[in-house]
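Me: Please take a close look at one part of this model, the final strand and its surroundings, and place that part within the fold as a whole. A connected account in prose would suit me best.

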Amino acid sequence: MLSAIVAISDNNVIGKDNQIPWHLPNDLKRFKQLTLGKTVIMGSNTFRSIGALPNRNNIVITKEMVPGEIQNLTFLNNLEKIDDFIFSDEEFFVIGGAAIYTLLMPYVTKLYITRIYETFEGDTFFPYFNLEEWKLYSSEMGITDENNPYVYEYLTYQKLFNENLCKKNRLNGLSSCVSCYFTCNLQCPYYSSFNKR
């Protein structure tokens, strides 16, 4: 399954000059706890900014590098393997940047958002998504202190069944669910007509 993890300001900023425009150690610890030992998916700008994360499998989607695999680092030039991520029992984390979030959000079924209740200057923004298509699964206020000076909240969303999207996928000839397979297969009225790839 595909999950996205991101910290977003009140004005939807996620970055500036290829850097995070705030310092929030508690959120970095949470990011590490959630992604450690998992697979993270990023774009070339994010890769140039943070490199390959240790103790994680790193997938970089880019046209700038030759496809291949080196230890815990894999370069992909396209989305040919997207089904491997979507229909896996393993949780794959989309970690940015904005272009990769935009590219993969249609396939994401879980969102881990750190909402920072402050505005920041930035040049990179999280793409629009319709909250009506998501269910708030959990929320927890973060601890504000001298090292974490902002008011912030951890929000986890689960993708809801989207009948119109499901019908559209079927009309387009998809042989299996895409956006809601993992969250809704038990109550999905179309589930029996789909075969898992």
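Reply: Among contacts in the protein chain between residues at least 6 apart in sequence, 62% link residues at least 24 apart. The model in which these contacts were computed is a predicted one. Its chain is made up of six helices and eleven strands. Of the 197 residues, 47% count as buried, and the accessible surface comes to about 10,700 Å², with 50% of that area belonging to carbon and sulfur atoms.

The strand of interest is β11, which covers residues 152-159. Eight of its eight residues are buried, so β11 is largely enclosed by the rest of the structure. Its side chains divide into two sets: Tyr-152, Tyr-154, Thr-156 and Gln-158 point one way, whereas Glu-153, Leu-155, Tyr-157 and Lys-159 point the other way. Both sets are buried, the charged residues Glu-153 and Lys-159 included.

Two strands pair with β11. One is β8, which runs antiparallel to β11 and is joined to it by seven bridges. Within this pairing, Thr-114 has Tyr-154 as its bridge partner. The other is β10, residues 134-141, again antiparallel to β11 and again over seven bridges. On that side, Ser-139 stands opposite Leu-155.

From the pairing one may turn to the packing. β11 is among the elements that give two or more residues to the largest nonpolar core, along with β1, β4, α3, β7, α4 and β8. This core has 27 residues, and Leu-2, Leu-111 and Phe-126 touch the most other members. The element that gives the most to the core is β1, with four residues. In soluble globular proteins, nonpolar side chains tend to be buried together.

Leu-2 illustrates how widely separated parts of the sequence come together. Leaving out residues up to four places away in sequence, Leu-2 touches Ile-41, Ile-82, Phe-85, Ile-86, Phe-92, Val-94, Leu-104, Tyr-107, Val-108, Thr-109 and Lys-110. A second core, separate from the one just described, has eleven residues, including Met-42, Leu-73, Ile-95 and Tyr-112.

Two members of this second core, Met-42 and Leu-73, recur among the contacts of Asn-58. Asn-58 belongs to strand β4, residues 57-61. At 1% relative accessibility, Asn-58 falls under the 20% limit and therefore counts as buried. Apart from neighbours within four places in sequence, Asn-58 is in contact with Val-40, Met-42, Gly-51, Ala-52, Leu-53, Asn-72, Leu-73 and Thr-74.

Leu-53 is also touched by Phe-31, a residue of helix α1. The other contacts of Phe-31, with residues up to four places away in sequence not counted, are Ile-5, Arg-56 and Ile-95. Phe-31 and Ile-5 are 26 residues apart along the chain, yet their C-alpha atoms are separated by 7.7 Å. Phe-31 counts as partly exposed, at 23% relative accessibility.

Charged pairs add further links between distant parts of the chain. Side chains of opposite charge can pair when their charged atoms come close. The structure holds two salt bridges. In one of them, Lys-16 and Glu-121 meet with an N to O distance of 3.3 Å. Lys-16 lies in the loop between β2 and α1, and Glu-121 in the loop between β8 and β9, so this pair ties together parts that are 105 residues apart in sequence. Lys-16 is partly exposed at 32% relative accessible area, whereas Glu-121 counts as exposed at 62%.

Glu-91 and Lys-38 form another salt bridge, their closest N and O atoms being 3.7 Å apart. Glu-91 is in the loop between α3 and β7, and Lys-38 in the loop between α1 and β3, so the parts tied together here are 53 residues apart in sequence. Glu-91 counts as buried at 13% relative accessibility, while Lys-38 is partly exposed, with a value of 26%.

Finally, the surface has a nonpolar patch formed by Tyr-117, Met-141 and Val-151, which together have about 270 Å² of accessible area. Tyr-117 sits in the loop between β8 and β9, and its relative accessible area of 35% makes it partly exposed. Met-141 lies within the residue range of β10, the strand that pairs with β11.

Notes. Residues are numbered from 1 along each chain as its sequence is written. This is a predicted model: local features need pLDDT of at least 70, side-chain atom pairs count only at pLDDT 80 or more; totals for chains, interfaces and linings use all residues. Side-chain values use heavy atoms; hydrogens and water are left out. Patches are made of residues with over 30% relative accessible area and no salt bridge: like charges are joined within 9 Å, nonpolar side chains (Val, Leu, Ile, Met, Phe, Trp, Tyr) within 5 Å. Accessible areas come from the Shrake-Rupley method with a 1.4 Å probe; for residues, only the protein chains shown count as cover. A salt bridge is a side-chain nitrogen of Lys or Arg within 4 Å of a carboxyl oxygen of Asp or Glu. Buried means under 20% relative accessible area, exposed over 50%, partly exposed in between (1.4 Å probe, protein chains only). Contact means heavy atoms within 4.5 Å. A nonpolar core is a set of buried Ala, Val, Leu, Ile, Met, Phe, Trp, Tyr and Cys residues joined through side-chain atoms within 4.5 Å. Two strands pair if DSSP finds at least two bridges between them.
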